Each structure stands twice: as C-alpha cells, then as structure tokens.
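Reader: Before I build anything on this model, I would like a close look at one part of it, namely how its strands are joined to one another. Please give the cut-off behind each term as you go.

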Amino acid sequence: MRRTAGLILLALAVLCAALSPLLRWYAFPRLAKIPANQYQDMVLEAKDATLLDYGTMRARKVDKITIVQTLKGDVAASERIERTTDRDVVVWDGLSYVVGPDGQMVSRIPERYIFDAHTQEPVHAPGESVDGDPVRRDGIEFKWPFLTEKRDYAYFDAQARVTAPIHYRGTQDFRGVEVYYFEQVIPWTKVPFPKTLPVEGVTAKSLAGTGTTRWYTTVRKFWVEPLTGAPVYGEEIHREELRGGTLLGGRDKVTAFAGHVKMREDYIEHTVDLVKTNRILVLLLTSHLPWGLLILGGLLLALALWLEARGRRPGDPEPAEDGEPEPVTA
C-alpha cells in the first residue's frame, strides 16, 4: 500500500510541476485577453476652461467642458480580420464627444482602433482611422500591455496622428493600488480641423480655405496598474489655437480650447474597483497558481519519498513463513 501511494503521489507531483509553467507561459497569453465585445465609457471634465465661440471667433472663460469617451467592440469586424491575420484581434470604435457648458456639442471625433487582444500591439487592417482619415498606428493607445514594464512606451496621439514616447516616471500608490506613472508631452503641432463642428455650415474644408490653421499641444498623464495594463486615472493639460488666415480678423492667433482635463470622480471609483477585481485574475494566472502548483508538487514529491523510505526501513521483521503446525499438548 505504501509503494502504491508513493507512486500516486509521485505522479501528482510531476503533474503539478508540469502545470506550473504551462499556466504561466501557455495558458496566460491565451486567457488574458480584451473581450472583442467590450463596451466602456468615460467622462472627463475641464473646469474653469477657455473655449472658442465660433459665432464671434472670440475665446471666453467657461465653468466646465465635458468630454465623453466611448469604446465599443465590433465583434464581426474582429472575426473578419482574425481570418486574415492568424491573431486574436479586437476592433474598438471610439468616440470623443466634447460638450460645452450649455450642453451643446463642441466637437466629435470618431476613430477605429484595431489591436492584438493580448499584447495590445496595433494590427494594421482596412478601417484603421481617426475622424474618417486612414491612419497607421505604431504604438499603443488607451491601454498598456498586460504585465506593464517600468520603461517608456510608444503611444499614439489621435489629435496629431503621430506616435511619440510616453515616459515612465515612477511607481506610486493610487487609492490603495500600486501604479506606474507615465507622462507624454506633445509639442505645438499643426493638426486638422474636426470634420464635425458646432456651427451649421462651417466645415473643416471651409475653415482651411480661409488660410487659418489649427495647432495643438498637450501634456498627457496616466496612472497605470501594471498587472492588467489598465489606466486607473488620467489627465491632460490640453491647449488648442487657431493661427493666421482671414478668419481671425488680423489677429495672429486665438485660443480654441485650453483646460486641465481630469476624470470625473464617479468614473475614478468605478475604474479602480474594476481594476482591483481584474488584477486578482491576472495574479492567479501569473503568480498564485503557478507558484502554488510548484510548491504543492515539491510537497507531494517529499511525501512520496518519505513513504518510499518508510517502506524500505531496515530492521523491520520478516514476515513468518508457513510451516507445520505445532503439536498441542495438554
């Protein structure tokens, strides 16, 4: 019985030792993925901001500007692209919708972001675009990779349609979650006008015909939970200007938008709670289960060896041989 039990324990120890690296290096890349049908939204606000009044072409101070960002997965498009790329692909249709203090639209910029479901690397396929213009991303956007590292990453700026480094600036604690802080600076860059503008009859094409150009700069900040690669908080110090041309009535430039954009408090709380939950799942696949199985395998191996040693312990009496029965005497 001891030998049988020892063999069973030895087999279980080998199984645990084999499952440990399989979970980390085989199962994790296949299970840790962004769902193709994911939908999420985020509300950001810029208080005490500056906004251009397109009716008077004058900048004015406003109490608050609201930016609603939505990301919606297109499952059919994901499946279609996967058939040609041999990768797990996610297609996000994003929309950045800016609302002024009066509740009226300031601008709306749609984009389509196509990326690898596990690594978050961009996947180049037809339909990749910003505001209807084809683009070719060469960096991450919206989300960092699982198991984010303490290093700089290439991050795509949708306004300027350029990829620039976003720098790792240190590790911090954000509401009980260890996060990596990243910062990107986009210098003043000439950018296209949004194709949808708040004044009826005014289009990007008609504005361009006046010789007036649009310029943009921002300081982008993200606090990223490294296991999931999900930003738990973000800010932008954002400025836009119109420069030159006949539209400004002889002025060199006018501020179109200036403000410190921050996530709204209720969305911060929701995001932190969601990231804490997903963080546990990533820890199970990358740390808890692999190390637990490895330790369990070691214990089972030690127990199997102990049982084997007990089964062969010297000095145990030999079993008695069958012989003639002793005579019974009265």
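**Strand pairing in the sheet**

Author: A convenient place to enter the sheet is Leu95, whose bridge partner in E4 is Pro110. Strands here are DSSP runs of E with at least two residues, and helices are runs of H or I with at least four, each numbered from the N terminus; two strands pair if DSSP finds at least two bridges between them. The model is a predicted one, so local features need pLDDT of at least 70 and side-chain atom pairs count only at pLDDT 80 or more, while totals for chains, interfaces and linings use all residues. Residues are numbered from 1 along each chain as its sequence is written, and side-chain values use heavy atoms, with hydrogens and water left out.

The pair that holds Leu95 and Pro110 belongs to a wider arrangement, an open sheet of twelve strands in the order E6-E5-E4-E3-E2-E1-E12-E11-E10-E9-E8-E7, with antiparallel pairing. Its edges are strand E6 (133-134) and strand E7 (153-157), each of which pairs on one side only.

Strands E3 and E4 run antiparallel and are joined by eleven bridges. Five residues lie between these two strands in their hairpin, where Gly103 takes a positive phi near 85°. On the other side of E3, eight bridges connect E2 to E3, again in antiparallel fashion, and Gln69 stands opposite Ser96 in E3.

Strand E2 also holds Thr66. This residue counts as buried because its relative accessible area is 17%, where buried means under 20%, exposed means over 50% and partly exposed lies in between, for a 1.4 Å probe and protein chains only. If residues up to four places away in sequence are left out, Thr66 touches Val43, Leu44, Glu45, Tyr97, Val98 and Val99, with contact meaning heavy atoms within 4.5 Å.

Continuing along the sheet, E1 and E2 pair in the antiparallel sense over 14 bridges, and the partner of Gln40 in E2 is Leu71. The hairpin of E1 and E2 has four residues between the strands, and Met57 is found in that loop. Phi of Met57 is near 60°, which is a positive value in a residue other than glycine. In general, most residues other than glycine have a negative phi. Met57 is nevertheless buried, at a relative accessible area of 10%.

From E1 the order of the sheet goes on to E12. Five bridges join strand E1 (residues 39-53) to strand E12 (residues 253-263), and the two run antiparallel. Among the partners, Leu51 is matched in E12 by Phe257, and Glu45, already met as a contact of Thr66, is matched in E12 by Lys262. Helix H4 (residues 265-311) packs on the sheet, touching E1, strand E8 (162-174), strand E9 (177-191), strand E10 (213-225), strand E11 (230-243) and E12, and its direction makes about 140° with that of E11. For such angles, axes are lines fitted to C-alpha atoms, for helices over the stretch in contact, and the values run from 0 to 180 degrees between N-to-C directions. A further helix, H2 (residues 75-85), lies across strand E2 (58-73), strand E3 (89-99) and strand E4 (105-116), and runs at about 140° to E3.

The end of the sheet at E7 deserves its own description. Strand E7 is mostly covered, with four of its five residues buried, and five bridges join E7 to E8 in the antiparallel sense. The partner of Tyr153 in E8 is Ile166. E7 and E8 form a hairpin with four residues between them, and Arg161 in the turn has a positive phi of about 60°.

A related backbone feature occurs in the loop between E8 and E9, where Arg175 lies. Phi of Arg175 is near 50°, a positive value in a residue other than glycine. Its relative accessibility is 42%, so Arg175 counts as partly exposed, whereas Met57 in the E1 to E2 loop is buried.
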